[in-house]
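Got the viewer open? Here is a tour, stop by stop, with something to select at each one.

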Amino acid sequence: MTAPEISKAEWTRKDLTGIEPLSAGEITTLLDTAAAFKTVGTRDIKKVPALRGQTLVNLFVEPSTRTRVSFELAAMRLSADVINISASTSSLTKGETLKDTAKVLEANHADIIVLRHSSAGAAQFLAERLAASVINAGDGAHEHPTQALLDTFTIREKKGRIAGLHIAIIGDILFSRVARSDIHALTKLGARVTLVGPPTLVPREFEHLGVTVTHDLDAVLPEVDVVNLLRIQHERQRKEYFPSLGEYTALFGLTKQRAEKLKPDALIMHPGPINRGVEIDSDLADSGRSVILDQVTNGLAVRMAVLFLCAGVRGGAE
Ligand code: CP
């Protein structure tokens, strides 16, 4: 079984550390490559030999379900060998530095390191020091590039375009790496982005990224084509940013009553994990208007595309 016909000519990066450095053309190449790989998932044999002989290490220093599983499955579908390392069972707990851990992996002939880390810039730090490809699976509150790619892919798949759409990103923007990566991807592709949430979590400073900031969710809902709800990230918040979860939900939660204000064809998205009943009503999350599980499914194709293109730059993809 062969890989779909894919042009690697427009991709020149061995690493993917963020969306901010990418051009609109590079993002489109990633999305088009993901679309080609999505067709592989419809075949009887869902595996291609593109990364045969390559070794991928999932180095997750923060918890993850979706991203880690998706990268592991993407690597397996591309015929790479996969090793999973979590911080709690690694020598990081003995004080070994991230760089030393990564060098140990490279000495074991790791070709691709997928890194999730609590420090912004951790993936870039390794990318500059390793010959291996380094893929950012989320670095602190900085970027989560593959989440933005799968979000953008899902919107493009459902709506047929990105340019000209109006997309609301709602909630904990201040601490959200997903929000930053989504903003870069969507605005580069020509969408209009509005950020919504309490002033403490959505300060006006975000407007320098080319987005609109508002604190009035009810006024925004009838105007948008997509709502992307973000999780309240208790683990990153160092003080109280709103009086209570109940008050947050009252003002910024997507309740059933609020959802009636949306256009009939508006998409409801969430990167997960969800705080059910806080940022989104539980039934709405499971409703036909929600594309939350489509996002998960598309993550596989997007991550296959990222691994394939970055490995290709090192000469590691067939
Ligand atoms: N969306 C996301 O990154 O989920 P995980 O933390 O489960 O990987």
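One term before we set off: two strands count as paired if DSSP finds at least two bridges between them. Keep in mind, too, that this is a predicted model.

**Stop 1: a strand pair**

Select residues 55-60, which make up strand β1. Now add β2, residues 81-86. β1 and β2 pair in the parallel sense, over six bridges. For one rung of that ladder, click on Asn58: its bridge partner in β2 is Asn84.

Stay on β1 and show the side chains. In a regular strand the side chains alternate between the two faces of the sheet. Here Thr55, Val57 and Leu59 point one way, while Leu56, Asn58 and Phe60 point the other way. Is either set exposed, or are they buried? Both sets are buried. With six of the six residues buried, β1 is largely enclosed by the rest of the structure.

**Stop 2: the whole chain**

Zoom out and colour by secondary structure. You should be looking at 11 helices and nine strands. The C-alpha trace spans about 55 × 45 × 35 Å along its principal axes. How does that fit a compact globule, and what radius of gyration does the protein have? A compact globule of 318 residues would come in near 20 Å, and the protein has 19 Å, which agrees.

Buried residues make up 56% of the 318 residues. Of the contacts with a separation of 6 or more, 75% are between residues 24 or more positions apart. If you turn on the surface, you are looking at about 13000 Å² of accessible area, and 52% of that belongs to carbon and sulfur atoms.

**Stop 3: the largest nonpolar core**

Hide the surface and select Leu195 and Leu307. The largest nonpolar core has 90 residues, and these two touch the most other members. Helix α11 (residues 292-313) supplies the largest share of this core, 12 residues. Apart from it lies another core, this one of 16 residues, including Ala102, Leu115, Ala132 and Val134.

Centre the view on Leu195, which sits in strand β6. Its relative accessible area is 0%, so Leu195 is buried. Which residues does Leu195 touch, leaving aside those up to four places away in sequence? They are Ile169, Ile173, Ile183, Val202, Phe206, Val211, Thr212, Val213 and Thr214. For a quick check with the distance tool, go from Leu195 to Leu217: these residues are 22 apart along the chain, and their C-alpha atoms are separated by 9.4 Å.

**Stop 4: a helix with two sides**

Next, select helix α8, residues 245-252. Tyr248, Thr249 and Phe252 are buried. They cover an arc of only 100° around the axis, which puts them on the same side of α8. Turn to the face that points away from that buried side and you find the exposed residues Gly246 and Ala250.

What do the buried residues of α8 pack against? Show β5 (166-170), β6 (192-196), α7 (217-220) and α9 (256-259), and you have the partners.

**Stop 5: backbone oddities**

Now switch to the backbone. Most residues other than glycine have a negative phi, and most peptide bonds are trans. This model has some exceptions to click on.

- Ser79 is not a glycine, yet has a positive phi of about 70°. Look for Ser79 in the loop between α2 (66-77) and β2. Ser79 is buried, with a relative accessible area of 18%, given that buried means under 20%.
- His109 also has a positive phi, about 65°, without being a glycine. His109 lies in the loop between α3 (98-107) and β3 (112-117). Is His109 buried or exposed? His109 is exposed, with a relative accessible area of 62%.
- The peptide bond from Gly272 to Pro273 is cis, with omega near -10°. You will find Pro273 in the loop between β9 (267-269) and α10 (282-285).

**Last stop: a long reach**

Finish by selecting Thr97, in the loop between β2 and α3. Thr97 is partly exposed, with a relative accessible area of 41%. Draw a C-alpha to C-alpha distance from Thr97 to Pro271: they are 174 residues apart in sequence and 30 Å apart in space.

Technical notes
Residues are numbered from 1 along each chain as its sequence is written. This is a predicted model: local features need pLDDT of at least 70, side-chain atom pairs count only at pLDDT 80 or more; totals for chains, interfaces and linings use all residues. Side-chain values use heavy atoms; hydrogens and water are left out. Helices (H or I, at least four residues) and strands (E, at least two) are DSSP runs, numbered from the N terminus. Buried means under 20% relative accessible area, exposed over 50%, partly exposed in between (1.4 Å probe, protein chains only). The arc is that of the directions from the helix axis to the C-beta atoms. Contact means heavy atoms within 4.5 Å. A nonpolar core is a set of buried Ala, Val, Leu, Ile, Met, Phe, Trp, Tyr and Cys residues joined through side-chain atoms within 4.5 Å. The radius of gyration is taken over C-alpha atoms; the globule rule is 2.2 Å times the number of residues to the power 0.38. Accessible areas come from the Shrake-Rupley method with a 1.4 Å probe; for residues, only the protein chains shown count as cover.
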